[in-house]
Amino acid sequence: MKIIFQDNGNYLNEWMRALKHSLPQAEVSVWQEGDHTPADYAIVWKPLAAMLDGRADLKAIFSRGAGVDGILLSGAALPPQVPVIRLTDAGMGVQMAEFVTHAVLRYFRQFDVFAEDSALKKWQPRLPQKREDFRIGVLGMGVLGQKIIHALQTFEFPINAWSRNSKNMEGVQSFSGEEGLAEFLSSSKVLVCILPLTDETRGILNYKNLSQLPRGAYLINVARGAHLVEEDLLQLIQNGHVAGAALDVFAQEPLPLDHAFWQEKRITITPHVAAVTMIDESAEQIAQKIARLERGESVDGIVNRQRGY
Ligand code: NAP
Ligand code: GLV
């Protein structure tokens, strides 16, 4: 079995070691520009179009992440019969749950305010905020969204969630589609975005939608930078409608040094690390999916190209 691997400059040795361990029978080669040698599988993250263009020889294309926008938007003419398969959790769910819980608790328990007080040597106890006034709205109820929701439920936060198709999840007020969005937003004190980036979700965190959140709301974006209209958020923070934002993803990454977000202390920035691909778990998941495909069995995480996720 031949596998082509796209090197994006990160952790190549670790990936090669993990793939050798999980797929000892495979011949894994690092793809080079101009290489058209037939292969069975490709393992990629934001590939060049030339790597996948018209590669009808492949039995599947594996994403090294949960998101597949980097593949679908690469400009490659992907043969329709070749499935694109994403990582399903593979150790990312618990990281997402940690990241979002940390951000929510920072706002709810006013740790951001206590940190400012501490820097001024100010001893200032404050009354707790009311949990019932801190309804969390999660955009996206997929593999990672559900992990986030379960984690927040252990702290007894009231939860709204929004997805394409309506869902029945215990203790969660579920909304779906365009028609459910306004009510979802108007009752969400903290908005968490964990949607895939598609034509339908691009720019969803815009002025019109964010201004429907209650005044003093918070935004946590752990999905993709292109979900957010960055200048709209700045305007809403500056006029006080949005009290703060924890952003892990940006339209341009790394975030440019002269970007206004660096100057805004109500915005917390992390470098796209909310849930990092775990190399051993991911190589093992890909190996198991390949084994199932080779036996003609179904696998999860096959992307619906029309929907874009
Ligand atoms: P997933 O299982 O495919 O879940 C996607 C969810 O979004 C589903 O609930 C889906 O609704 C909903 N959705 C999609 N399009 C929608 C629309 N137009 N309207 C309403 N709901 C819509 O994906 P996942 O594994 O949870 O991952 C989500 C995203 O997280 C990835 O695509 C990636 O961009 C991002 N991510 C970020 C990081 C990071 O470190 N920052 C790490 C990993 C992943 P249905 O359930 O009704 O289909
Ligand atoms: C990371 O952003 C991923 O999509 O896995």
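**A ligand between two domains**

Hi everyone, let's start at the binding site: a backbone N or O atom of Arg 164 lies 2.9 Å from a nitrogen atom of ligand 1, a polar contact, meaning a pair of N or O atoms within 3.5 Å. A backbone N or O atom of Val 143 also sits 2.9 Å from an oxygen atom of the ligand. Then there is Glu 200, with a polar side-chain atom 3.0 Å from a ligand nitrogen atom. The protein covers 93% of the 950 Å² of accessible area that ligand 1 has on its own, by the Shrake-Rupley method with a 1.4 Å probe.

A quick word on the basis: this is a predicted model, where local features need pLDDT of at least 70 and side-chain atom pairs pLDDT 80 or more, while totals for chains, interfaces and linings use all residues. Side-chain values use heavy atoms, without hydrogens and water, residues are numbered from 1 along each chain, and chains are lettered from A and ligands numbered from 1 as written.

So where does ligand 1 lie? Domain 1 (2-88 + 277-294) and domain 2 (92-269) both give residues to its shell, so ligand 1 lies between them; the bounds come from an automatic or database assignment.

Of the 30 residues around the ligand, Met 141, Arg 164, Asn 165, Lys 167 and Tyr 309 come nearest; "around" here means a heavy atom within 4 Å. By class, the shell has 16 nonpolar, eight polar and six charged residues, with Tyr and Cys counted as nonpolar and Gly as polar.

Finally, the C-alpha trace of the chain spans about 65 × 40 × 30 Å along its principal axes. Thanks for listening!

Terms used. A polar contact is a pair of N or O atoms within 3.5 Å; within protein, one must be able to donate a hydrogen and the other to accept it, and residues adjacent in sequence count only if both atoms are side-chain atoms.
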